[in-house]
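User: I'd like a close look at one part of this model rather than a tour of everything. Could you walk me through it?

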Amino acid sequence: PRLSNLIVLNATLFLDALMTSFEAGKQMHMKATLKTIQTFIDAVLILSKDELVELQALEDSLDKSSGTPKKSKKSKADSVSPMDVDASSYPILAAFIDALMPRLVHCCYRKNHHSIIGGIVALDTMYKCLPAVIMQKQLASVIPALIRAIQSLPVHAASQTKEATE
């Protein structure tokens, strides 16, 4: 009976615990948390492999259509913009982004510089791992958070600031 309790992990509690660990104030806790977030992202990507392949194909088709010469006879109605992609076509990734993204954005508004840096690095990791076609919808909340985070980092965190802005 005890083993069966370990099989199910409440993702909300898990993510909240990760965000809390940014507050620990130690560099090694922040790095361990970031590594855990990367592992969590990798696990979600494995579980949503079919969605990822479909979104990657869509992204590739968007890249090809934007790279074609203007002499193309495609109408604007035929082209699909990244904002037209419906979240119901990728429910696992949509739920994952809806759960993690607000928490990471919130980290950028905290006062603890480990939380701020952790939020920046974790957001960067998400944008590198997930298809741009779905991440573009999040830019409206992410960009102000990143600007605020970089501006609020203390002077003594120069190396972390440099790392965050790269």
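What follows is a request about one helix, then a single connected answer.

User: Take helix H6, residues 113–129: which residues of H5 and H6 meet, and which make the contact between H6 and H8?

Analyst: Before we zoom in, keep in mind that this is a predicted model, where local features need pLDDT of at least 70, side-chain atom pairs count only at pLDDT 80 or more, and totals for chains, interfaces and linings use all residues. Numbering starts from 1 along each chain as its sequence is written, and side-chain values use heavy atoms, with hydrogens and water left out.

The setting first. The chain has nine helices and zero strands (DSSP runs numbered from the N terminus, H or I of at least four residues for helices, E of at least two for strands). Of its 166 residues, 35% are buried (under 20% relative accessible area, with exposed over 50% and partly exposed in between, using a 1.4 Å probe and protein chains only). If you take contacts between residues at least 6 apart in sequence, 75% of them join residues at least 24 apart (contact means heavy atoms within 4.5 Å).

Now H6 and its partner H5, residues 91–108. Their axes come within 7 Å and cross at roughly 145° (axes are lines fitted to C-alpha atoms over the stretch in contact, with angles running from 0 to 180 degrees between N-to-C directions). On the H5 side you'll find Phe96, Ile97, Leu100, Met101, Leu104, Val105, Cys107 and Cys108. They meet Ser115, Ile116, Gly119, Ile120, Ala122, Leu123, Met126 and Tyr127 of H6. By class, that contact is 14 nonpolar, two polar and no charged residues (Ala, Val, Leu, Ile, Met, Phe, Trp, Tyr, Cys and Pro are nonpolar, Asp, Glu, Lys and Arg charged, the others, Gly among them, polar).

The other partner is H8, residues 139–152. H6 and H8 pack at an angle of about 140°, and their axes sit 10 Å apart. H6 puts in Ile116, Ile120, Leu123 and Tyr127, while H8 brings Leu139, Val142, Leu146, Arg148, Ala149, Ile150 and Ser152. That makes nine nonpolar residues, one polar and one charged. Notice that Ile116, Ile120, Leu123 and Tyr127 turn up in the contact with H8 and in the contact with H5.

Toward the start of H6, have a look at His114, which lies in that helix. With 7% relative accessibility, His114 counts as buried. Setting aside neighbours within four places in sequence, His114 is in contact with Phe22, Gly25, Lys26, Gln27 and Met30.

Just ahead of the helix, Arg110 sits in the loop between H5 and H6. The side chain of Arg110 reaches the backbone oxygen of Met19 at 3.2 Å, which fits the cut-off for a polar contact (an N or O pair within 3.5 Å, one atom able to donate a hydrogen and the other to accept it, with residues adjacent in sequence counting only if both atoms are side-chain atoms). Not counting residues up to four places away, Arg110 touches Met19, Glu23, Ser115, Ile116 and Arg148. So Arg148 appears both beside Arg110 and in the contact of H8 with H6, a link that needs no definition beyond 4.5 Å. Glu23 is 87 residues from Arg110 in sequence, yet the C-alpha atoms are 9.2 Å apart.

Finally, follow Phe96 from the H5 contact into the aromatics. The whole structure holds two aromatic pairs (rings of Phe, Tyr and Trp, the last by its six-membered ring, with centres within 6.5 Å; stacked under 30 degrees, edge-to-face over 60, the rest tilted). One is Phe14 with Phe40, tilted, at 5.3 Å centre to centre and 55° between the planes. Phe14 is in H2 (residues 11–21) and Phe40 in H3 (residues 27–47), so this pair ties together parts 26 residues apart in sequence. Phe14 is partly exposed at 22%, whereas Phe40 is buried at 18%. Phe40 also forms a tilted pair with Phe96, at 5.7 Å and again 55°. Because Phe96 belongs to H5, that pair joins parts 56 residues apart in sequence. Phe96 is buried, with a relative accessible area of 6%. Phe14, Phe40 and Phe96 form one aromatic cluster, and Phe96 is also among the H5 residues that meet H6.
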